[in-house]
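Please open the entry below in your viewer and keep the selection tool at hand. The tour goes from stop to stop, saying what to select and what is found there.

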Amino acid sequence: MTSSERDVAWWPPFSRADEGSSPDGPPVLVRGDGVWLEALDGRRLLDGVGALEAMAVGHGRQRLVDVAARQMSELAFLDVFRYTSLPALGLADKLIDIAPSGMDRVLFTPGGSEAVETALKLALQYHWVRGDHDRRLVICRNGAYHGVTFGAMNCDGGYYSTRNDVYLGSTRFGVVAEGPATGEGWGMGAPYAAGAQQFAEAIERVGPQNVAAVIVDPCATASGVAAAPPSDLVALRALCDQHGILLIADEVITGFCRTGTMFASQLADVTPDLMTVSKALSSGYMPIGATIVNERVTTAINDAEGRDAVFAHGHTYGGHPVACAVASENIAILEEERLDLAAAARGQYLRARLGELATHDTFVDARGIGMLNGLELLPGGDADAGRFGTAASACVWLRKRLRDIGLVTLTVHPGRVFLLAPPLIVSEAELDTLVEMLDQGLSDLEAAR
Ligand code: PLP
């Protein structure tokens, strides 16, 4: 398609440029209310992925709109490098209050990738100022997704990107811990994520003296929604301590009640050295992320000499006052409405209901933690895909079919695991509707393949 034939200028994420113009391209949404979304053509869709896992408190919360409007009319923006605002100070204090004990500083970012980037740079600076100049490698899970910036790309298992190796060239510092994990608690279906054992092997392979950090999402969401048992994070913490390696917990998805506690690290009673958050920090009402820093890291850098003590890093939109005000109000709602407990209880209910889909021969496993769940399909993989050729293509077809039925879903690594993570305010009746739609979709897939 040439630019003169183009009817939509927008290039959608992770897509061909012309997908925005395709009749089969991303539908336009115009409204949201609770767990429901409304498309431009008037159709209602159940938000089964909570707006890319960001939406905790539900769409259409007037309370957040009012806070944003008030802050925007008082002070919409400022030079965040030389000044600060009451919302930014208040939110930083609140995050330290609710984070695992031992965390003591907050750096704000515009989103999740930048929070990861910030954490990686802090990890490298931590080792540098302590004279540990060889520690430059970062170990990540296979199939992980930590964002799209160059540092985050380094910590990508390679599934979500096609040309990272070419782009990164000699700047690659990420090392993939090859899975899959084994052992109790990883879910009944084939797990795709590496666990502590695979991390230990990767560290031995490259030499612990060369490793700066381990980065993990505590529930391995992108790696097949493999609900890493809390014991895995405990084992990773011990492994890092043994080798003087920093532990980065990427809680961009798991943070803010999604797994049934404020942060998934708290399920394991683990304090990371660096923690990255975004998404449900504001329930997506404003773009914002943060890197939360353990006192050990702050102190090492702060006590360094001269320029080494300065963290030369910041974003124009880091600590945006409107985003910070909205995030604080969002956290207040999470706490007042005990959405941690809601996520735990309704997540259990959802998994029980998903288990009933086992009557379908396309069903493999329903697993997850809190309101972060995966439905794995097609036990035979590509051999079960029929006319679709590959399991991944069959699941793309099913994702679109579910959209027609009225359910928003997405697939993660290895392309046949559907993520089910509706807003945390979802009711049991709405979860019943979600399962009915899946039931219909699976029957349609079985007839169509
Ligand atoms: N880390 C994790 C675990 C994520 O899931 C994501 C995004 O999905 C990111 C980082 C990157 O966040 P963003 O898309 O806000 O840059």
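For the first stop, a residue counts as near a molecule if one of its heavy atoms lies within 4 Å of it. Keep in mind along the way that this is a predicted model.

**The ligand and its shell**

Begin by selecting the ligand, and then add the residues that surround it, which are Gly 111, Gly 112, Ser 113, Tyr 145, His 146, Gly 147, Asp 250, Val 252, Ile 253 and Lys 279. If you colour this shell by class, you will find 3 nonpolar, 5 polar and 2 charged residues.

Which atoms of Gly 112, side chain or backbone, should you look at beside the ligand? For Gly 112 it is a backbone N or O atom, which lies 2.9 Å from an oxygen atom of the ligand. Move on to Ser 113, where a polar side-chain atom lies 2.5 Å from a ligand oxygen, and then to Lys 279, whose polar side-chain atom lies 2.9 Å from an oxygen atom of the ligand. Taken alone, the ligand exposes 390 Å², and the protein buries 80% of that area.

**The sheet of 7 strands**

Next, select the strands β4, β10, β9, β8, β7, β5 and β6, which in that order form an open sheet with mixed pairing. At the edges stand β4 (103-109) and β6 (174-177), each of which has a single partner strand, so that one side of each is left without a neighbour in the sheet. Looking across this sheet, you will see neighbouring strands turned against each other by 20° on average, with direction ignored.

Now narrow the selection to β4 and β10 (residues 289-294), which pair in the antiparallel sense over 6 bridges; to find one such pair, pick Met 103, whose bridge partner in β10 is Asn 294. Then add helix α10 (residues 295-302), which packs on the sheet and touches β4, β8 (246-250), β9 (274-277) and β10, its direction making about 80° with that of β10.

**The sheet of 4 strands**

Select β1, β2, β3 and β13, which form, in this order, an open sheet whose pairing is mixed. Why is one side of β1 (29-33) and of β13 (407-408) left without a neighbour in the sheet? These two strands stand at the edges, each with a single partner strand, and therefore each has a side that no other strand of the sheet adjoins. Strand β3 (residues 44-47) runs parallel to β13 and is joined to it by 2 bridges, and within this pairing Asp 47 has Val 408 as its bridge partner.

**Two places in the loops**

Finally, go to the loop between β14 (410-412) and β15 (417-420), where Pro 414 is placed; the peptide bond that joins His 413 and Pro 414 is cis, with omega about 5°. For the last stop, select Val 225 in the loop between β7 (211-216) and α8 (230-243), where the phi of this residue is near 45°, a positive value in a residue other than glycine.

Definitions and conventions. Residues are numbered from 1 along each chain as its sequence is written. This is a predicted model: local features need pLDDT of at least 70, side-chain atom pairs count only at pLDDT 80 or more; totals for chains, interfaces and linings use all residues. Side-chain values use heavy atoms; hydrogens and water are left out. A polar contact is a pair of N or O atoms within 3.5 Å; within protein, one must be able to donate a hydrogen and the other to accept it, and residues adjacent in sequence count only if both atoms are side-chain atoms. Accessible areas come from the Shrake-Rupley method with a 1.4 Å probe; for residues, only the protein chains shown count as cover. Ala, Val, Leu, Ile, Met, Phe, Trp, Tyr, Cys and Pro count as nonpolar, Asp, Glu, Lys and Arg as charged, and the others, Gly among them, as polar. Two strands pair if DSSP finds at least two bridges between them. Axes are lines fitted to C-alpha atoms, for helices over the stretch in contact, and angles run from 0 to 180 degrees between N-to-C directions. Contact means heavy atoms within 4.5 Å.
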